[in-house]
Amino acid sequence: MQLSGRPEPRPVSTLQLMDSTDRECVEAVLNGDRDAYRDLVFRYSGIVFRAARRITGNDADAEEVVQDTFLRGYLQIRNFELRADFGTWIYRIGVNCSIDLLRKRKRQPGPAGDALPRAVDTAAGPERLLLSAELDWKRRTAMARLTEVEAAAFSLRHMEDRSMNEVAELLAISLGSAKQAVFRAVQKLRREMAPLKVKQ
Amino acid sequence: MKHFSDEELYVLSQSAESSREGHLRECPECLARYQEFVALLESAAARAAGTPGPAPGLEDRVWMAIHPSLPVYGAGREAPRTSGLFHLWRPRRLAWTGAFAALVVVGTAFWAGRLFERRHAASNLALEAPAQPGRVVLLVVREHLDRSERLLVELDHAGRFARAESGPLAREASDLLEDNRLYRQTAVASKDPALAEVLDRLDRVLVEVAHEPAALQGSDLARMREQMNLDGLLFELRVVRDRQNKTEKDSRL
């Protein structure tokens, strides 16, 4: 699957060059050059981080996801098809690692970034600032109440701007299930956020 | 007036369909719900646009964190050069490995227990015998009854043909006598009166035969058959033996 609509699209010529380099890196790794993987880590850490940040909702978890993603990617690299796009492949692993982390967080409930309201608009007045912080906290709480698949599906569709087909493929579910997951997430978030919208 | 469903409003909020916008202008309720969807999706898009990038040095931190855990692969797509057990020692896999090992241990113990139980079923039966009267007697007395039956048949035949060499019969009767007394006492203790009675009658016959002169005369044999009702004793002995065989089969099942 070629990723379309990426947040940070690259020029076509650079993309082709990168693809070629990706393949060389992978082949070097498979031939015993472990350090060749470093180039891939440097090239795709940012993309994986942003996706993970949107799904998990905080920087610390996103960074943990990036580490786990590249470790898992290295250990599975013998299954990687050289004709495929490494960026797409590692991105998919990153989404799965994000879902795994959300599951882990639900099993071990903790503060995880949603305990303290955080201001998002420092230029506004005190009342507006308070409401904004409350809205942000409410949003985090609402996201935390979604299932892992719902959270990932919503983030991919409405924050990563993936098509429904891509969402389904990334989550390894049917198109109908992907649509249902996104819609359930939207409905839950809408109900959770509705009281604050009225106040706002 | 037919209102939009939530799903229709959600779809509408992503792609403005002019043919449906007329209803939204006329229906404040649907418009309010529609605006909720639009606000939610705009908020999500705004958050996505404002998602902070990683802190400086992310790539270095990731590389330093994972580098020690990376095995070196061999040429082509062969197995990694590192030990096959290497990956088992990573924390997450270690937990799975431990769980699997525990499962194997529990499964093996369960299987061994079942095997042990099956192999010791016979001894368990013997140990349980005191709780079921007659079980010990049932297991050990069968051979004694078979030998006694053969002796009685020989005596019966000897009586019918009025001749017998009592030497072998006397020795056999003498051998059986001691065992017969022991089994009779056991039958009494095991509360098996039918068997005890048969063994008691058999005891008297065995005493007679064991102490008879070397050559039994036809008159002696006839008297013994008549007085001791050898035919009746033989019949009762067969009945008791058959009953015990049946009981043993039932207990096996």
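Two exercises with worked solutions follow.

The model is predicted, so local features need pLDDT of at least 70 and side-chain atom pairs count only at pLDDT 80 or more, while totals for chains, interfaces and linings use all residues. Residues are numbered from 1 along each chain as its sequence is written, and chains are lettered from A in the order in which they are written.

**Exercise 1.** Determine whether A:Asp161 is buried, partly exposed or exposed, and state in which loop A:Asp161 is found.

Solution. Begin with the backbone: A:Asp161 has a positive phi of about 60 degrees although it is not a glycine. Next, place A:Asp161 in the loop between helix H6 (148–158) and H7 of chain A, where helices are DSSP runs of H or I with at least four residues, numbered from the N terminus. Finally, apply the burial cut-offs (buried with 20 or more other C-beta atoms within 10 Å of the residue's own, exposed with 12 or fewer, partly exposed in between, C-beta atoms being placed from the backbone); A:Asp161 has 14 such atoms and is therefore partly exposed.

**Exercise 2.** Describe the side of chain B that touches chain A, by element and by class.

Solution. Start from the contacts (C-beta atoms, placed from the backbone, within 7 Å), by which 31 residues of chain B meet 34 residues of chain A. Two or more residues each come from helix H1 (6–14), helix H3 (28–49) and helix H4 (58–66) of chain B, and H3(B) gives the most, with nine residues. By class, this side has 19 nonpolar, six polar and six charged residues, where Ala, Val, Leu, Ile, Met, Phe, Trp, Tyr, Cys and Pro count as nonpolar, Asp, Glu, Lys and Arg as charged, and the others, Gly among them, as polar.

Methods: Contact = placed C-beta atoms within 7 Å.
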